[in-house]
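User: Please take a close look at one part of this model, strand by strand and contact by contact. After that, carry on to the sheet and the packing elsewhere in the chain.

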Amino acid sequence: MKKLRTQLIIKTQQGNFIRINSNETDIVHLTSFYGSQTSLDLLKLFPNRFQFISNDYLTEYQKELFYHAKERLKFNYFLYELDLHGFFLIKKKDQGFMNVEQLVNTQWSSEIQILSSLIFEPFIIEDNCSDELDTLIMSKDSLNANQYFEILRYLDYTFKFFGSYYASSVIRSRDRHTGETAPVHGVASSLCLSLRKHSWIPVSDGQLYKPSDVYYLPVNNPFRRYVPCLDPSVVRLGDMNFVQILGFKQEISHMTMFELLMKWSCNLDSDILWKLINMTDEQDSNPIPCTISTQSRQLYHDTLQNIQHIYLFISMDEEIRRLLARFRLWPLIFIPRTDDIGEFVFVDEVFWEDPLALLTTIDVNTRTSNQHIALQPYYNNNKFFQQFFFDILQIKQGPTLDDYLLLLSDIKNKTFDYIWKCINVITQLAFTDNKQTLVKDTTIDWSFIPCINNGNELVKYTDRPYYPHDMIVADLFSDVIRIINLPDNLIHSIEFKQQFCTLFNIDSLANVLKVLVNVDNKQPARELHEFYSHSIELIQYYLIINGLLPETRSCYLQSIFSKMNFLLVDCIHLSYQYGENLIRKAPLPSALNSYIDESTSNFYILQKYAKNENYHIDTIVDYLMEDVSARLQLSQFIQKLYKSYEQHGVEHLIKQREVLPDHNIPKWMIPQIMKSELHSSSIKEEEKEEEDEGNDEIITYTPDMLQRFKNEPGWQPKKPTTKPVLDPDQPKPLICIPSTAGATLSNETLDTERSAKSNLQLTDVIRERTTSANVHEGSEQTIPRDKEKRTNETTTTDKIFEGSTVSHINSVTLADFTPPQPSINFELIQISNFTDIALIPTTLSDQALPTNLNLPNNETDSIIGRRGEDFVYRYLLWKHPDAQIQWNNQQKESGQPFDIKLIRNENKKQIEFIEVKTTRVPKQNTFQISIGEIECLLQNQNNYYIYRVYYNDEDEKSSTITILSRIKCHLQQKQLTLSITIAEKLDEQ
């Protein structure tokens, strides 16, 4: 048979006669006509590629040769023996190896590890190969995709017949001699390995891939489009064993999709990606620095829904989650531009949600790199995506101040409500993030504030528009001044008003308009005065414990209530004045029912409504509470107080006040005596004094009387202090504030003034004590009792001491004299915080400070200073009967930076340091303060107080005390100011 195979000549279908296997290309195949189920004539796209045996052998000699079917089968077997097959020509080769190590550098090198544990002697690999098939699949230039598809379908179909050709057997060499053919192991044959290593599998993009790079996936797999995948509509493989033998991938891994995502978003191929990952420790959780430009935009053609599926898929793998977290500085977030095109952006360019929907209108196609994007409109409220973006990529929850701030740069075409939403959120974030300066500097040239004028004209904050306190009043002057047009939801917002006006230095319209109140027939409202004077402290405490009263507002209201007067009138009319001459009437009903005039601290109510509590309660509630939502609760509380007052009188209110706990905020107090009564009382006293002045009589003093007064207990003068020696070349120390800025008083002048004052004070005291004792002794010296000018009194005083011992008289001073004081009902004393000063933020720095900071001469008088300290000391003993109160200067000047130390027994840790500053001038709000006192108040910012005493020598009951607390805070808020006077050295003549 072997000789026959080499000599036999076969006729082909093309009519040629060739010798079988005369060369490698002369291969003859059987056709289906000869009964071959695997004939290559099934490859219809290769009509001239293969040589087939002529059908003449059957058509011409069938009757002579084959009498029945068995004989035909024998003929087919004969043809097989001649190497005539319908399938590709398969050659069997034996390859021998002495040991497993010789497989190195062969196509079976991957099998070394397995065979090393199975065979330890020479072995043979019985291999199957097909040069004909190899030549076919490597013909890339001459074959098209459809032809390769046909080869693939043919191999899949014939696998059930020739599956054994895809494997080779490993047998021991000695078994070949003994006849045992049981293989030790099976490996892939050369035929199979050739199909695996060559790129001959066409996919949807027309390119040829190795089988190991191609996916064979179900039709419904969502990720088919992202990988080289066989198109099931073109070729459908029926034998899954064949799919596995060739190495087709049947599923997409999480790592594969991660690598694809990095390729799309960051243009990193697999090799570069893993190089970056392997540069650091696998357990390192620090982010990998981004190496691409932050300005670059990686466009990708796909839908948002598909990308969402990818995010969901890759995040299921813990290792991928860790890698994504390390690449969070790279552009990994997909934002669609159109339905099928999007871009990948960086984490710091996005945030999750825009609660005000101000940034969702940004067009992603025209946005700048500074404009950030909200993800929620694209990814909805899906909890998975929230967790994915927050936990893994660590995006921001919401927009930042910088995001919103850019909206104000181009806001002309936006709606009124949209503009104010932007302004509101920017104002809030400016204070939350402590970036007020950034906002002001950024928006200084932007016109973004709507005004009432000219149909919501937009102005800059540097145009100084006014913040309206009342929109109706604002309309009156909208034609002459710029007034901000507020939306309804912000008109009554106290917090927004304070922040907005502070942020942009906006002044309130109320500060430039003067309210003119016209009333008729004023009469004291004694019942209302009695009720509120005993209940105002209860109202204050209610507001404090409910968090409805800021401290600054409370202090300001105390300055109003401390002078409050309640009046019954017949009618109330309001008008408003701007500037010097522009006055416009309020477009309100012809008469108001009640009104509180802050400028005069008067509470007006119509006579006919005096008995109806609803009117005055509504008025006080509206005045106290700018927050409309809290007015009802306050009104109900005051209603209960008023019913209690009607049923039980003031006694029940007093009992409630007595049990109130102490708080750091100064208490509200309304004077128990109405102003009208005080006024009439003062008139009577003045009339009485005028009568007394008409009965002046001369009182004569003798030297013995003067000596007796001087020797009485409690009137001992201080020992004279030694005058320090001053360097004539150095500036003289500043004893008091000079009358003009830059002026300096000489010590000699001051000593002369002090001496004159001391003599005058001594004369006044002697006159007072002598008169009270009704002492009349004859002498040559006389002193008139009438009140003359100080120059005359000084002259008279000099005459008094003529004939007396000069040294004795000069040694008598009243710097430490504290005359016994009558008892005072401190309920009647006006105690307040910043009397006549509104405690609201002002722009004092923009106002001209007074250059004349001169204090009256009596301001340095030690007697008035000591009387002020004594006055405060007695007030504190009355106010805090259970506290420990120490007057440092009671016996002598201590030199400490505070005059009185108060320790509350209920909390011994609570210590108050009190410095007393006294003046006789009612409206003198300027006083000296030492460097020691400044250091002490800075060290004790919350418990250092200055009691400013406006002392009245003639009627101590009319003296007032203004308590300054939290001084540093008020200085920072520009509610107090410090000034320095430069003492210049006098020119020496």
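Analyst: **A hairpin, a sheet and a core**

In this predicted model, four residues form the link of a hairpin that joins β12 to β13. The two strands, β12 and β13 (residues 341-345), are antiparallel and share four bridges. One of the pairings sets Ile333 opposite Val345 in β13. Strand β12 covers residues 333-336, and both of its faces are covered. Ile333 and Ile335 are buried on one side, while Phe334 and Pro336 are buried on the other.

Further along the chain is an open sheet of four strands, in the order β21-β22-β26-β25, with mixed pairing. Its edges are β21 (523-524) and β25 (594-597), each of which pairs on one side only. The partner of β21 is β22 (residues 565-569), in the antiparallel sense and over two bridges. Within that pairing, Pro524 has Leu567 of β22 as its bridge partner.

Helix α24 (residues 613-624) lies across β25 and β26 (602-606), and runs at about 40° to β25. This helix contains His616. Is His616 buried or exposed? The relative accessible area of His616 is 0%, under the 20% cut-off, so the residue counts as buried. The His616 side chain is also in polar contact with the side chain of Tyr532, at 2.7 Å. Leaving aside neighbours within four places in sequence, the residues in contact with His616 are Leu528, Tyr532, Phe603, Ile605 and Tyr642.

Tyr532 also appears in the largest nonpolar core, which has 62 residues. Along with Ile539, Phe561 and Leu624, Tyr532 is among those with the most contacts inside this core. Helix α22 (residues 526-545) gives the most to the core, with eight residues. Where does this core lie with respect to domain 3 and domain 4? Domain 3 (400-486) and domain 4 (517-570 + 615-667) both give residues to the core, so it lies between them.

The surroundings of Leu624 can be listed in the same way. Not counting residues up to four places away in sequence, Leu624 touches Ile539, Leu543, Arg553, Leu557, Phe561, Leu634 and Trp668. Apart from the largest core lies another, of 51 residues, including Leu152, Tyr166, Trp200 and Val243. As background, nonpolar side chains tend to be buried together in soluble globular proteins.

Conventions:
Residues numbered from 1 in each chain as written. Predicted model: local features only at pLDDT ≥ 70, side-chain atom pairs only at ≥ 80, totals over all residues. Heavy atoms only, no water. Pairing = 2+ DSSP bridges. Contact = heavy atoms within 4.5 Å. Axes fitted to C-alpha atoms, helices over the stretch in contact; angles between N-to-C directions. Buried < 20%, exposed > 50% of the residue type's maximum accessible area, 1.4 Å probe, protein only. Polar contact = N/O pair within 3.5 Å; in protein donor to acceptor, adjacent residues only side chain to side chain. Core = buried A, V, L, I, M, F, W, Y, C linked by side-chain atoms within 4.5 Å. Domains from an automatic or database assignment.
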